[in-house]
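Work through the exercises below with the sequence and the coordinates at hand. Each task is followed by a solution in steps.

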Amino acid sequence: MPSQRKKYEYLEHTADIKFLAYGDTLEEVFENAALAMFNVIIDTSKVSGETAREISLTSPDLESLLVDWLSELLYLFEVDEVIFWKFQVEEIKEEEGEYSIKALASGEQYYPESHPFETEIKAVTYNQLELEKTTEGWKAQVVVDI
C-alpha cells in the first residue's frame, strides 16, 4: 500500500535586499535611497549621460512618498529603459495633509552590452520600511523584492 506521507511541500522564501540610506535633509535621504536602489541593479559609477526625467508625485504620507518615488524610478527604468545615476530632489513639501515631491532623475539609455546587469528588482515594498529623523539628519530603511 502506498505511503500517505506527503511527497513535497512549498515553503515561503523571501528574496529581497534591504538597505539603509542617509541624508542631512529629507530631500537628500530620498536621493540617496534612489542611488542605493539603482546600485542594486547596476554599478552606477559606470553610468553617465544627461537623459533626464522630471518626477512629481503626491502621497498621503512620507513613507508612501518614498515607496512611490522609488517605484516610479523603477517603472521608468523598466518602461523607458533609462538607467539613472543622479537624483536631484528639488523639494518635498506637505500640503493639505498630503506630501509631494518634485525631482529630476538623470541617466542614460540602458544597453545590456555596455551596462552589465547585476540584480533585477521586481518591486519596492513596505516590508520593514522605516523613515525617521535622527540627530544626524534622516535615515531610511527600504526592502526591495528581487
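The exercises go from the whole chain to single residues.

This is a predicted model, in which local features need pLDDT of at least 70 and side-chain atom pairs count only at pLDDT 80 or more, while totals for chains, interfaces and linings use all residues. Residues are numbered from 1 along each chain as its sequence is written, and side-chain values use heavy atoms, with hydrogens and water left out.

**Exercise 1. Describe the protein chain as a whole.**

Step 1. Assign the secondary structure with DSSP runs, taking helices as H or I over at least four residues and strands as E over at least two, numbered from the N terminus. The result is two helices and seven strands. Their order along the sequence is β-α-β-α-β-β-β-β-β.

Step 2. Take the extent of the C-alpha trace along its principal axes: about 70 × 40 × 25 Å.

Step 3. Classify residues by relative accessible area (buried under 20%, exposed over 50%, partly exposed in between; 1.4 Å probe, protein chains only). Of the 146 residues, 39% are buried.

Step 4. Compute the accessible surface by the Shrake-Rupley method with a 1.4 Å probe, where for residues only the protein chains shown count as cover. The total is about 8,900 Å², and carbon and sulfur atoms account for 48% of it.

Step 5. Count contacts (heavy atoms within 4.5 Å). Among those between residues at least 6 apart in sequence, 70% join residues at least 24 apart.

**Exercise 2. Characterise helix 2 from end to end.**

Step 1. Start with the length. Helix 2 has 19 residues and spans 26 Å between its first and last C-alpha, close to the expected 27 Å; the expected span is 1.5 Å times one less than the number of residues.

Step 2. Look at the N-terminal end. Asp61 caps it, with a side-chain oxygen 3.2 Å from the backbone nitrogen of Glu63. This satisfies the cut-off for a polar contact (N or O atoms within 3.5 Å; within protein, one able to donate a hydrogen and the other to accept it, and residues adjacent in sequence counting only if both atoms are side-chain atoms).

Step 3. List buried positions. Among them are Leu62, Leu66, Trp69, Leu70, Leu73, Leu76 and Phe77. An α-helix has 3.6 residues a turn, so residues three or four places apart point the same way.

Step 4. Look past the other end. Glu81, just after helix 2, has a positive phi of about 55 degrees.

**Exercise 3. Which strands pair with strand 4, and in what sense?**

Step 1. Apply the pairing rule: DSSP must find at least two bridges between the two strands.

Step 2. Strand 2 pairs with strand 4 in the antiparallel sense over nine bridges. One of the partners in this pairing is Ala105 of strand 4, opposite Arg53.

Step 3. Strand 3 also pairs with strand 4 in the antiparallel sense, over 12 bridges. Here Val82 has Gln109 as its bridge partner in strand 4.

Step 4. Strands 3 and 4 form a hairpin with two residues between them.

**Exercise 4. Find residues other than glycine with positive phi in loops, and state their exposure.**

Step 1. Recall the background: most residues other than glycine have a negative phi.

Step 2. Glu96 has a phi near 50 degrees. Its place is the loop between strand 3 (82-95) and strand 4 (98-109), and at 81% relative accessible area Glu96 is exposed.

Step 3. Gln128 has a phi near 55 degrees. Gln128 sits in the loop between strand 5 (123-124) and strand 6 (130-133) and is partly exposed at 41%.

**Exercise 5. How many salt bridges are there, and what do they join?**

Step 1. Apply the rule: a side-chain nitrogen of Lys or Arg within 4 Å of a carboxyl oxygen of Asp or Glu. The count is six.

Step 2. In the pair of Asp43 and Lys46, the closest N and O atoms are 2.9 Å apart. Asp43 is partly exposed at 24%, whereas Lys46 is exposed at 56%.

Step 3. For Asp80 and Arg53 the closest N and O atoms are 3.1 Å apart. Asp80 is in helix 2 (residues 62-80) and Arg53 in strand 2 (residues 51-59), so this salt bridge ties together parts 27 residues apart in sequence. Asp80 is partly exposed at 29%, and so is Arg53 at 22%.

Step 4. Lys93 and Glu91 form a salt bridge at 3.9 Å. Through shared partners, salt bridges join Glu91, Lys93 and Glu95 into one network.
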